[in-house]
Amino acid sequence: MSIQWFPGHMFKAKKELADKLSDIDVVIEMVDARLPMSSSNPMLAALIQHKPSLKILNKQDLADAAQTRAWLEWFAGQRNTRAIALDSGDGSPKQKILAACRELAPHRVDSVKPLRLVICGIPNVGKSTLINALTGRKVAKVGNEPAVTKAQQRIQLADDVILFDTPGMLWPKIEHETCGEHLAASGAVGRNAMDEESVAMALIATLQRRYPAELARRYNLADVQAEDFVVLETIGRKRGAVRSGGHVDMQKAAEILLTDFRAAVIGRITLETPEEWRDIAAEIERRRVIEREEQAQREAERKARRAGGRRARPGEDDEDDEQA
């Protein structure tokens, strides 16, 4: 499955964040608890390097609770990193977040300088909603579509805490197809950027493998392990997505499935586990190595061609032959 998206202000946002990081004490990254690493921006990881980092696993109420605990433990094992899980019903996000940030930046406790935080996250992960909850007023625009925040904002979160908000940044290249499928299923990319039927069938494959009982129960499926196309067609037929002539509208069936997943009416689903991510990360690194080797080979070939062109310009050999 291929996903095409158009980041728009991505490069500007990346530059603004890079310029700001030298003054930042803790980088907060919001990720989707259902796909913690697929929704973590690899560009951000490269930018922050060893800067203290707080991962907020948002939408935990939509995710598998056992897997959220596993992910919290996994992030806690990473260097200079803490992690907490939140959802829209959390009554005290500010206390949890500030406590974790102060733990990550103990040099700012009782300091004359304020604790300086920056919050990042992919579009549609709930960042603006959280900021409004932290401040108790509407300072960040909220929307159901990706890329609502357009510019960096400075927010006085407390007398001694400054929070900088950044536009949601999508990265231009998805390095593993599974990450793209998970992002698309969660709604992190706009509808024009994906083939919803392909996304729905990839989601069905994941549900068949990890949550077959929930899938069968939600759609009353007699054969939950049938081909993903057949399962999607059955879902469409059972939910009334049928055109004249009795043909299932597969696009409508896909929309029904994705809407149900995003609302957790199928169940509390997590699309990736720490163990699965280790395999994905290893494959990503393998592909990076191959890409670097191929790039180095292309560069060597270009240099060889340029060097060859300088040694023997067109026509020089012919002139030597005529003089002989």
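Hi everyone, let me start with a crossing: the axes of helix H6 (residues 177-186) and helix H10 (residues 250-262) come within 9 Å of each other and cross at roughly 85 degrees. That makes H6 roughly perpendicular to H10. Please keep in mind throughout that this is a predicted model.

Which residues meet where H6 and H10 come together? On the H6 side they are Ala 184, Ala 185 and Ser 186, and on the H10 side Leu 258, Phe 261 and Arg 262. Sorted by class, this contact between H6 and H10 has four nonpolar residues, one polar and one charged.

Let me stay with H6 for a moment. Nine of its ten residues are buried, so H6 is largely enclosed by the rest of the structure. The buried ones are Thr 178, Cys 179, Gly 180, Glu 181, His 182, Leu 183, Ala 184, Ala 185 and Ser 186. So Ala 184, Ala 185 and Ser 186, which we just met at the contact with H10, are on the buried list too. After H6 comes Gly 187, with a positive phi near 90 degrees.

Now let's zoom out. The protein has 324 residues, and 46% of them count as buried. Its secondary structure comes to twelve helices and six strands. If you take the contacts with a separation of 6 or more, 69% of them are between residues 24 or more positions apart.

On to the nonpolar side of things. In soluble globular proteins, nonpolar side chains tend to be buried together. Here, the largest nonpolar core has 60 residues, and the members that touch the most other members are Ile 28, Leu 54, Ile 56, Ile 97, Leu 117, Leu 163 and Leu 257. What does Ile 56 touch, leaving aside residues up to four places away in sequence? Its contacts are Ile 28, Glu 29, Met 30, Val 31, Ile 84, Leu 86, Ile 97 and Leu 130. Apart from this core lies another one, of 13 residues, including Leu 57, Ala 63, Trp 74 and Trp 277.

You may have noticed Glu 29 among the contacts of Ile 56, and that brings me to charges. Side chains of opposite charge can pair when their charged atoms come close. Across the whole structure, a search finds 18 salt bridges. One of them joins Lys 55 to Glu 29, with the closest N and O atoms 2.5 Å apart. Lys 55 sits in strand E2 (residues 53-58) and Glu 29 in strand E1 (residues 26-32), so this pair ties together parts that are 26 residues apart in sequence.

Are these two partners buried or exposed? Lys 55 has 10% relative accessibility and counts as buried. Glu 29 is buried as well, at 2%.

For another setting, look at Arg 302 and Glu 299, whose side chains meet in a salt bridge at 2.5 Å, N to O. Both lie in helix H11 (residues 274-311), three residues apart, which is about one turn of the helix. An α-helix has 3.6 residues a turn, so residues three or four places apart point the same way. Arg 302 counts as partly exposed, with 34% relative accessibility, and Glu 299 is partly exposed at 27%. There is also a network: salt bridges with shared partners join Glu 175, Glu 285, Arg 288 and Arg 292.

One last pair before I stop: Asp 249 forms a salt bridge with Arg 243, and their closest N and O atoms are 3.7 Å apart. Thanks for listening!

Key:
Residues are numbered from 1 along each chain as its sequence is written. This is a predicted model: local features need pLDDT of at least 70, side-chain atom pairs count only at pLDDT 80 or more; totals for chains, interfaces and linings use all residues. Side-chain values use heavy atoms; hydrogens and water are left out. A salt bridge is a side-chain nitrogen of Lys or Arg within 4 Å of a carboxyl oxygen of Asp or Glu. Helices (H or I, at least four residues) and strands (E, at least two) are DSSP runs, numbered from the N terminus. Buried means under 20% relative accessible area, exposed over 50%, partly exposed in between (1.4 Å probe, protein chains only). A nonpolar core is a set of buried Ala, Val, Leu, Ile, Met, Phe, Trp, Tyr and Cys residues joined through side-chain atoms within 4.5 Å. Contact means heavy atoms within 4.5 Å. Axes are lines fitted to C-alpha atoms, for helices over the stretch in contact, and angles run from 0 to 180 degrees between N-to-C directions. Angles under 35 degrees count as roughly parallel, over 145 as roughly antiparallel, 65 to 115 as roughly perpendicular and the rest as oblique. Ala, Val, Leu, Ile, Met, Phe, Trp, Tyr, Cys and Pro count as nonpolar, Asp, Glu, Lys and Arg as charged, and the others, Gly among them, as polar.
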